[in-house]
Amino acid sequence: MSMLSIQNLEVRHGLLKAVRGVSFEVEKGDVLALVGANGAGKTTLLRSIAGAHLPASGKILLEGKDLTHVPSHKRIAMGVALVPEGRRLFSQMTVEENLLLGRTSGRKGEWTVDRVFDAFPNLVPRRHAKTGHLSGGEQQATAIGRALMSNPDVLLLDEVSLGLSPLVVDRVYAQLQKLLTSGTTIILVEQDLGRAMSVASHVICMLEGKIALDSPASVASREQITQAYFGLHRSDSGRVAQ
Ligand code: ATP
């Protein structure tokens with residue numbers, strides 16, 4: 001059984017169909033890169049998986065359990081954690097306090113404050129600093145650490161590189177690389193194709209709310225992904241949604 005099964009999902013903003021009949025499976029331990037141009041529907045899809053935006057129709061199953069109408073706070077307790085675009089930390093609270101908030105889901109697992117500091121050593125000297133005083137890279141690491149503290153089965157990362165310098169993004173991605181060995185299933189929304197492909201085991205490219213390419217990362221060429229990204233060509237090896 002797949003870790004996550006998305007079935008014929010449609011998500012709207014008012015009359016606008018931002019996600020249109022999207023279906024895909026995510027296997028345990030997969031790192032799925034969700035790529036696509038601005039406005040393709042990536043964030044809307046991710047937020048609907050997290051429960052922040054309920055779909056108009058279709059289904060979301062986590063290891064066979066139907067999450068489609070489960071509110072977001074209950075999804076965290078069931079094992080789905082979102083690191084939202086813009087990070088949304090509590091700026092008047094310290095790094096450690098923000099991390100401890102992630103534990104309120106009550107889920108058991110191996111993630112502790114110390115393990116987060118092992119994964120993100122740049123946070124160690126900032127442990128008692130208010131997150132409002134941190135650099136962008138430190139804030140991003142704290143936001144990812146807070147989500148990990150809920151011991152998620154599926155970690156959803158929205159645009160981790162947004163607003164960070166290339167050097168800092170390199171560091172965040174180097175740290176993400178370590179996470180991959182922990183077996184957490186990850187869905188990563190990323191504008192930067194190169195960075196996404198450096199960590200992905202699977203890639204889905206969205207175009208105007210639909211899936212234009214769905215392929216293991218090892219067999220998707222950069223050319224195929226670029227063509228799907230711009231809607232230039234239908235890939236022979238990747239699945240194309242109608
Ligand atoms: P980006 O990389 O720019 O964030 P995206 O692929 O994540 O793009 P979405 O943010 O999901 O795309 O947007 C999909 C569509 O939904 C776009 O047409 C966008 O304008 C629209 N949209 C997104 N959020 C809202 C909203 N809150 N209200 C109305 N329309 C929205």
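Reader: What makes the six strands a sheet, and in which order do they stand?

Author: This is a predicted model, and in it six strands form an open sheet in the order 6-7-8-3-9-10, with mixed pairing. Two strands count as paired if there are at least two bridges between them. Strand 3 (residues 31-36) and strand 9 (residues 202-207) are joined by five bridges, so they pass that test.

Reader: Why are strand 6 and strand 10 said to stand at the edges?

Author: Strand 6 (80-83) and strand 10 (210-216) each have a single partner strand, so one side of each has no neighbour in the sheet. From one strand to the next, the twist averages 15°.

Reader: What makes the pairing "mixed"? Which way do the partners of strand 9 run, parallel or antiparallel?

Author: Look at the two sides of strand 9. Strand 3 runs parallel to strand 9, while strand 10 runs antiparallel to strand 9, with six bridges between them. On the strand 3 side, Leu-34 stands opposite Ile-204, and Ala-33 has Val-203 as its bridge partner. On the strand 10 side, His-202 stands opposite Pro-216. The hairpin of strand 9 and strand 10 has two residues between the strands, and there Glu-208 takes a positive phi near 50°.

Reader: How do you know that strand 9 is largely enclosed?

Author: Count its buried residues: five of the six are buried, so the rest of the structure largely encloses strand 9.

Reader: Which helices pack on these strands?

Author: Helix 1 (residues 42-50) lies across strand 3, strand 6, strand 7 (154-158), strand 8 (185-189) and strand 9, and runs at about 150° to strand 7. An angle over 145 degrees counts as roughly antiparallel, so that is the word for helix 1 and strand 7. Helix 8 (residues 222-230) touches strand 3, strand 9 and strand 10, and its direction makes about 25° with that of strand 9.

Reader: Why is helix 5 called mostly covered?

Author: Of its 13 residues, 12 are buried. Among them are Gly-137, Gln-140, Arg-146 and Leu-148. The buried residues of helix 5 pack against strand 6, helix 3 (95-101), helix 4 (113-119), strand 7 and helix 6 (166-180).

Reader: How do you know that the span of helix 5 is close to the expected one?

Author: Helix 5 (residues 136-148) reaches 18 Å from its first C-alpha to its last, and 18 Å is also what you'd expect at 1.5 Å a residue.

Reader: What makes helix 5 and helix 6 roughly parallel?

Author: Their angle is about 20°, with the axes 9 Å apart. Angles under 35 degrees count as roughly parallel, so helix 5 and helix 6 are roughly parallel to each other. The contact is made by Gly-137, Gln-140, Ile-144 and Leu-148 of helix 5 and Val-168, Val-172, Leu-176 and Leu-179 of helix 6. The crossing is right-handed.

Reader: Why does Asp-158 count as buried?

Author: The cut-off is under 20% relative accessible area, and Asp-158 has 4%, so Asp-158 counts as buried.

Reader: Where does Asp-158 sit, and what is Asp-158 in contact with?

Author: Asp-158 is in strand 7. Leaving aside neighbours within four places in sequence, Asp-158 is in contact with Thr-43, Leu-46, Val-83, Pro-84, Glu-85 and Val-189. Glu-190 is 32 residues from Asp-158 along the chain, yet their C-alpha atoms are separated by 7.0 Å.

Technical notes:
Residues are numbered from 1 along each chain as its sequence is written. This is a predicted model: local features need pLDDT of at least 70, side-chain atom pairs count only at pLDDT 80 or more; totals for chains, interfaces and linings use all residues. Side-chain values use heavy atoms; hydrogens and water are left out. Helices (H or I, at least four residues) and strands (E, at least two) are DSSP runs, numbered from the N terminus. Axes are lines fitted to C-alpha atoms, for helices over the stretch in contact, and angles run from 0 to 180 degrees between N-to-C directions. Contact means heavy atoms within 4.5 Å. The expected span of a helix is 1.5 Å times one less than its number of residues. Buried means under 20% relative accessible area, exposed over 50%, partly exposed in between (1.4 Å probe, protein chains only). Angles under 35 degrees count as roughly parallel, over 145 as roughly antiparallel, 65 to 115 as roughly perpendicular and the rest as oblique. A crossing is left-handed if the near helix is turned anticlockwise from the far one by less than a right angle, and right-handed if clockwise.
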